[in-house]
Structure formats: structure tokens, C-alpha cells
Amino acid sequence: AVNEFATTNDPDIVAAGDCTNHYNPIYDRKLRLESVQNATDQAKIAAKSICGKPEAYNALPWFWSDQYDCKLQIAGLNLGYTKVVTRPGTKPGAFSNWYFKGEEMIACDAINDARSFMMAKRWLAVAHRPCPELICDPSWDLAKF
């Protein structure tokens, strides 16, 4: 267990990566993530703590996996979603699933749809996000939001 500065209950011990249960302010809860990006982001926070320049961890979880000709990219965590909206991608076979808790976007799974993944990462980092009705409209241009 580590706090937002990657320190344990002993201030002389830091930890980062897959082994940690850490506080994530975006989701306002403790999380354990097995992710290269999380390990990299936490390692930077741990290094700052060791150097006496503590900075709070505040990174959006994101993941990817290449499975043959399929690229899965995930932005955010779909914990507690109440609605899923599917949006077709611009290439054949590409699509994205957008997860909402009520009207609030909380995550996106993109299959061979890097544009949707990148837009989701951008939107999940800010408070103002598109509603499900816009996302499910394939004629709506993601870049115009």
C-alpha cells in the first residue's frame, strides 16, 4: 500500500508498479494496476519522493494489447458503468465502446481505432466531456468537441 507520493507507511520505503495498491485521485479510490504505463508513471513519482521533491500521482490509467491484426487500446477504467455506447471507426472492422456512469464518460475501449482512444484520453483528463448521444452519432466528428 502506497500513498499518492508512492511512499509506504514507512516514509523511507517507496514502491511503484504492479505490486502497489495506490490512491488514484481521478477515481477517488485505491487501485492496483498491472500496466507498463502505470509502472512508469509511478516510478517517476517514487523517484521524486526519494529526491525530496514529492509530487502527487495523478495519471489516467490506460492500456494496450496487440493481438495479431487487432489493436486494443483502453483509456480509463470502466468500473461502475451504467451505459455502453458503441461507435463505428473510420476503417473496416474498427470500433470503440464508450462507458458512461449516468451521463459521465468514464472509459473507452478502442479496437483498431486509435483516434477514438486518443480523444478519450484527452477528454478523460478534463471535466467537460461529450455525452452518450454525441458519441453514438457516427456523423459527429470527434475532433469538433
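This passage describes the overall architecture of a predicted single-chain model, its helix H1 and its salt bridges. In this predicted model, local features are reported only at pLDDT of at least 70 and side-chain atom pairs only at pLDDT 80 or more, whereas totals for chains, interfaces and linings draw on all residues. Residues are numbered from 1 along each chain as its sequence is written, and side-chain values rest on heavy atoms, with hydrogens and water left out.

The chain contains three helices and seven strands, where helices (H or I, at least four residues) and strands (E, at least two) are DSSP runs numbered from the N terminus. The order of these elements from the N terminus is β-β-α-β-β-β-β-β-α-α. Taken along the principal axes, the C-alpha atoms occupy a box of roughly 55 × 35 × 25 Å. The accessible surface amounts to about 8300 Å², and carbon and sulfur atoms contribute 56% of it; accessible areas were obtained by the Shrake-Rupley method with a 1.4 Å probe, and for residues only the protein chains shown count as cover. Of the 145 residues in the chain, 38% are buried. Here, buried denotes a relative accessible area under 20%, exposed one over 50%, and partly exposed a value in between (1.4 Å probe, protein chains only). Contacts are defined by heavy atoms within 4.5 Å. Among contacts between residues at least 6 apart in sequence, 47% join residues at least 24 apart.

Helix H1 comprises the 15 residues 36-50. At 1.5 Å a residue its expected span is 21 Å, in agreement with the 21 Å that separates its end C-alpha atoms; the expected span is 1.5 Å times one less than the number of residues. At the start of H1, a side-chain oxygen of Ser35 comes to within 3.3 Å of the backbone nitrogen of Gln37. After the helix comes Gly52, with a positive phi near 75 degrees.

The buried residues of H1 are Asn38, Asp41, Gln42, Ile45, Ala46 and Ser49. Viewed down the helix axis, these buried residues fall within an arc of 140 degrees and therefore line one face of H1, the arc being that of the directions from the helix axis to the C-beta atoms. An α-helix has 3.6 residues a turn, so residues three or four places apart point the same way. The buried residues of H1 pack against strand S1 (22-24), while Val36, Lys44 and Ile50 are exposed on the other side of the helix. Ser49, which lies in H1, is buried at 18% relative accessibility. When residues up to four places away in sequence are not counted, Ser49 touches Phe5, Thr7, Val14 and Pro54.

A search of the whole structure identified six salt bridges, a salt bridge being a side-chain nitrogen of Lys or Arg within 4 Å of a carboxyl oxygen of Asp or Glu. One of these joins Lys83 to Glu103, with the closest N and O atoms 3.2 Å apart. Lys83 belongs to strand S5 (residues 83-88) and Glu103 to the loop between strand S6 (95-101) and strand S7 (104-111), so this pair ties together parts that are 20 residues apart in sequence. Both partners are partly exposed, Lys83 at 29% relative accessibility and Glu103 at 47%.

Another salt bridge is formed by the side chains of Arg129 and Glu104, at an N to O distance of 3.3 Å. Because Arg129 lies in the loop between helix H2 (114-124) and helix H3 (132-135) and Glu104 in strand S7, the pair ties together parts 25 residues apart in sequence. Glu104 is partly exposed, with a relative accessibility of 44%.

Helix H2 also provides Arg115, which forms a salt bridge with Asp141 in the segment after H3. The closest N and O atoms of this pair are 2.6 Å apart, and the two residues are 26 residues apart along the chain. Arg115 is partly exposed at 40% relative accessibility, as is Asp141 at 27%.

The segment after H3 also includes Asp137, a partly exposed residue at 30% relative accessibility. The side chain of Asp137 makes a polar contact with that of Ser139 at 2.6 Å. A polar contact is a pair of N or O atoms within 3.5 Å; within protein, one must be able to donate a hydrogen and the other to accept it, and residues adjacent in sequence count only if both atoms are side-chain atoms. Although Asp137 and Thr86 are 51 residues apart along the chain, their C-alpha atoms are separated by 9.4 Å.
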